[in-house]
Amino acid sequence: MLATHFTQENGKPTEEFAALLDTCEVRHDGSFESVYAATQQAWLQPAKTRADILETHGDLRSQVMELLRALGLVDAIHGSNPDVLETPYEYAGVLGAKVVGVRKRLRFALNEHWAGARFNRLCLAGSPRPLPPEEQAQTLQWNNPELGYRENLMQGLPTPETEIGMMQFVYDLAQRSGTLDFKIPCFAVSCPPNAKHRYTTHDNMQAFREEVQPKPGARILVISSQPYVSFQALVAAQELSEATVVGCGYEAPATTKISQYLDNIAKFLHELRLTEK
């Protein structure tokens, strides 16, 4: 089995993950299948968006935060080793999110690029998810703290109606305003619409693969945010199996629910189990 922050090669939980399971009183026999089944039952909140996940483990925050940090879910993860001269990534893909998250991810992508995680092309990987009115209003907030842009440049521009339209809108305005300074090609890829308007990282990466058709061995940087970096990088590696995928992203907000962390771990274990079949 793939060795991760959560699993050893023999499938047993790592020391930090075993401590988290014990703290959360998740009973298992030490095998991967036992841990998988127990966490799916105890932690997974299916059919809920991240924002809709209920906080059912908030009372454990003081006991588990350092364990979650040790498991690589809290602090920012960077795409380069500053002590090593690395070959540039062929692509960097910024994954879709709500508008505040998109602005933070683009700012993080720029910082990574100039810090040494160089990439030749930038992809905005989003979806046709409709934007609710409050998110449309946030998109037009020109003096936002994450990635401000000049107000006069928005005059006459139509308000974006979808996630991918919002991502392109934010990128274009920030580039023209000088708050982004990418000097490389940028393109947008959207997964096809579906009736439920529910889109996943699998959808994003399948659309990216079909559009780009990366060459075997291509280095691809997937940019998201914590606590989802390891999960989304694992999904991307599944969908782009002939490429070398590295995940990175900014630190988890202090408001992240403990149940969001745990739900994400359950999803990660599910994806990991699929890779072993």
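How many salt bridges does the structure hold? The structure, a predicted model, holds ten salt bridges. The legends below describe close-up views of this model.

**Figure 1. A salt bridge within helix α3 joins Arg69 and Glu66.** The closest N and O atoms of Arg69 and Glu66 are 2.8 Å apart. Both residues belong to helix α3. They are three residues apart in that helix, which corresponds to about one turn. This pair forms a salt bridge, and the structure as a whole holds ten of them.

**Figure 2. Helix α1 packs against helix α3.** Two packed helices are described by the angle between their axes and the distance between the axes. Helix α1 covers residues 15-23 and helix α3 covers residues 61-70; their axes lie 9 Å apart, at an angle of about 155°. Because of this angle, α1 is roughly antiparallel to α3. The crossing of α1 past α3 is left-handed. On the α1 side, the contact is made by Glu16, Ala19, Leu20 and Thr23. On the α3 side, Gln63, Val64, Leu67, Leu68 and Ala70 take part. By class, the residues of this contact comprise six nonpolar, two polar and one charged.

**Figure 3. Glu25 has a positive phi in the loop that follows α1.** Glu25 is located in the loop between α1 and α2, the latter being residues 32-42. Its phi is positive, at about 55°, although Glu25 is not a glycine.

**Figure 4. Five strands form an open sheet with parallel pairing.** Strands of a sheet pair through backbone hydrogen bonds, either parallel or antiparallel. In this sheet the order of the strands is β3-β2-β1-β4-β5, and the pairing is parallel. Which strands lie at the edges of the sheet? The edge strands are β3 (186-190) and β5 (244-250), each of which pairs on one side only. On average, neighbouring strands of the sheet are turned by 25° against each other, direction ignored.

**Figure 5. Strands β1 and β4 run parallel and are joined by bridges.** Strand β1 consists of residues 89-95 and strand β4 of residues 219-225. Four bridges join the two strands. Ala92 stands opposite Leu221 in β4.

**Figure 6. Helices α4 and α7 lie across strands of the sheet.** Helix α4, residues 99-115, lies across β1, β2 (119-126), β4 and β5. The angle at which α4 runs to β5 is about 115°. Helix α7, residues 201-212, lies across β1, β2, β3 and β4. The angle at which α7 runs to β3 is about 125°.

**Figure 7. Helix α4 packs against helix α6.** The axes of α4 and α6 (residues 163-177) come within 10 Å and cross at roughly 45°. Because of this angle, α4 is oblique to α6. The two helices make a right-handed crossing. Which residues of α4 and α6 meet? Val99, Val102, Arg103 and Leu106 in α4 meet Met166, Met167, Val170 and Tyr171 in α6. Seven nonpolar residues and one charged residue make up this contact, with no polar residues.

**Figure 8. Helix α7 packs against helix α8.** The axes of α7 and α8 (residues 229-239) are 9 Å apart, and the packing angle is about 40°. Because of this angle, α7 is oblique to α8. The crossing of these two helices is right-handed. From α7, the residues in contact are Thr201, His202, Met205, Gln206 and Arg209. They meet Phe231, Gln232, Val235, Ala236, Gln238 and Glu239 in α8. The contact of α7 with α8 divides by class into four nonpolar, five polar and two charged residues.

**Figure 9. A cis peptide bond joins Gln226 and Pro227.** The omega angle of this bond is about 10°. Pro227 is part of the loop between β4 and α8.

Terms used
Residues numbered from 1 in each chain as written. Predicted model: local features only at pLDDT ≥ 70, side-chain atom pairs only at ≥ 80, totals over all residues. Heavy atoms only, no water. Axes fitted to C-alpha atoms, helices over the stretch in contact; angles between N-to-C directions. Parallel < 35°, antiparallel > 145°, perpendicular 65-115°, else oblique. Left-handed = near helix turned anticlockwise from the far one by under 90°. Contact = heavy atoms within 4.5 Å. Nonpolar A, V, L, I, M, F, W, Y, C, P; charged D, E, K, R; others polar. Pairing = 2+ DSSP bridges. Salt bridge = Lys/Arg side-chain N within 4 Å of Asp/Glu carboxyl O.
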